[in-house]
Amino acid sequence: MFLNYNFRNYNYRLFLYVLLLNILGVLLIRSATNQDMAVVGKQIMGIAVGLVLVIGLSLLDYHKVLSLAPFIYGICIAGLIAVLVAGVSRGGATRWLVLPGIGQIQPSEFAKIGLIVFFSWFFSKNQEKINRPTVLALGAALYLMVFLLIYEQPDMKNTLMLLAVFCILIYIAGLSYKIIGGMFLIIIPLAIIFVSIVVQPDQKLIKDYQRKRIMAFLYPENEEYSDDIEQQNNSKTAIASGELIGKKLSGDKEVASVNDGNFVSENQTDFIFAVAGEEYGFMGCCSIVILLLAISVECIRMSLRAKDLSGKIICCGMASIISLQSFLNICVATGIAPNTGTPLPFVSYGLTSLISLYIGMGMVLNVGLQSSAYNKEIRRKAIDQKEDYL
């Protein structure tokens, strides 16, 4: 099948951007872990597995994957239920499963990609009926099952991110602007009510540690929440200390390193951007932001060339995950959003997040290979063959 592709349509730029981010990520993880080669080796292994997956999936017709969409949705639900039943707890949350021979995985990361695949199939199948109440209600119910399972872990950041991604997907699918306007009239008051409730000390909607993080963001001067804001303050100090080109390139060792001093926990995952700021300065941070932006733009460009709605939704879904997750991670590291454990795509340590993103990128690359121009070329060849036969 892949021999029919015109590889001039293959998006080598996207592949290169992802690879460059991975290289930067390995360098930053090496610094963040004080050259712990066991951790660095795992990340390199994850990149190797991801490259195999992205190349394989980029040559596999994405419609074959979409044909398995209901099964993929069922696997996502089963994985999230398994987390609640037999998951590993850490830091007050139960988000991980330990699988024999594989190790620890986070099913919610795979669920993000699974939902994009499923709703690409679902919205494409109901393209002409997308604004009917029955279709909208069924789509919302299917999404709500995943939403509630992730919310119960609890995993607030992935819950809100999936809500944003779902809204983007249904908009791309052709939701009426009248319905969108009505949704905003409902969502905005609900969001205000939600925030007004969670700031109360006796509220039951979110965990106590989540409330403290929100309160620390809203009232950073309050000493009661000083421990909850300390990591972000240290992160900002680390970024600022790197100045233009960072300590790694300038050789500046006179100022105490926030990174080396372990004043920022999870610096190889959630606060990897702080390591980038300290080690490579403003130039290093800009390089990461530009590469992440370039990946999102390339995904959107390929969505505009997609030959059908399902391909467009896959590309826009991956663009939304990359951009939203990057934005949230950088906002947390720079102190302009409450502290949440969000990895930086293709940069942070974490095999589950890395491999799930590679799976999504593989499908995006295949959508690019099967652009509308490719579809016209296939039809032209079929007509030519028919004429030759006659």
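**Reading helices, turns and cysteines**

User: Which residue follows H1, and is its phi positive or negative?

Analyst: H1 is followed by Asn-34, and the phi there is positive, near 55°. A helix label like H1 is a DSSP run (H or I, at least four residues; strands are E, at least two), numbered from the N terminus. Before we go on, this is a predicted model: local features need pLDDT of at least 70, side-chain atom pairs count only at pLDDT 80 or more, and totals for chains, interfaces and linings use all residues. Residues are numbered from 1 along each chain as its sequence is written, and side-chain values use heavy atoms, with hydrogens and water left out.

User: Where do Glu-243 and Phe-346 lie?

Analyst: Glu-243 is in the loop that joins helix H10 (226–241) to helix H11 (246–250), and its phi is positive too, near 50°, though it isn't a glycine. Phe-346 is in the loop between helix H13 (309–333) and helix H14 (351–369), with phi near 65°, again a positive value in a residue other than glycine.

User: Are Glu-243 and Phe-346 buried or exposed?

Analyst: Go by relative accessible area: buried is under 20%, exposed is over 50%, and partly exposed is in between (1.4 Å probe, protein chains only). Glu-243 has 62%, so it is exposed. Phe-346 has 2%, so it counts as buried.

User: At what angle do H1 and H12 pack?

Analyst: Two packed helices are described by the angle between their axes and the distance between the axes. For helix H1 (residues 12–32) and helix H12 (residues 272–305), the angle is about 160° and the axes are 10 Å apart. Each axis is a line fitted to C-alpha atoms over the stretch in contact, with angles running from 0 to 180 degrees between N-to-C directions. H1 and H12 are therefore roughly antiparallel (over 145 degrees; under 35 is roughly parallel, 65 to 115 roughly perpendicular, the rest oblique). The crossing of H1 past H12 is left-handed, as the near helix is turned anticlockwise from the far one by less than a right angle (clockwise would be right-handed).

User: Which residues of H1 are buried?

Analyst: Among them are Leu-14, Tyr-17, Val-18, Leu-21 and Asn-22. Further along H1, Gly-25, Val-26, Leu-28 and Ile-29 are buried as well.

User: How do H2 and H14 cross?

Analyst: The axes of helix H2 (residues 37–58) and H14 come within 8 Å and cross at roughly 25°. That makes H2 roughly parallel to H14. Their crossing is right-handed.

User: How many disulfides does a search of the whole structure find?

Analyst: Zero. To count, a pair of cysteine sulfur atoms has to be within 2.5 Å. For Cys-286, the nearest cysteine sulfur belongs to Cys-285 and is 7.1 Å away. Cys-299 has its nearest one in Cys-315, at 6.3 Å. As for surroundings, Cys-286 is partly exposed at 26% relative accessibility, while Cys-299 is buried at 0%.

User: One last spot: how far apart are Ala-86 and Trp-96?

Analyst: In sequence they're 10 residues apart, and in space 8.9 Å, C-alpha to C-alpha. Ala-86 sits in helix H4 (residues 69–86). With a relative accessible area of 53%, Ala-86 is exposed.
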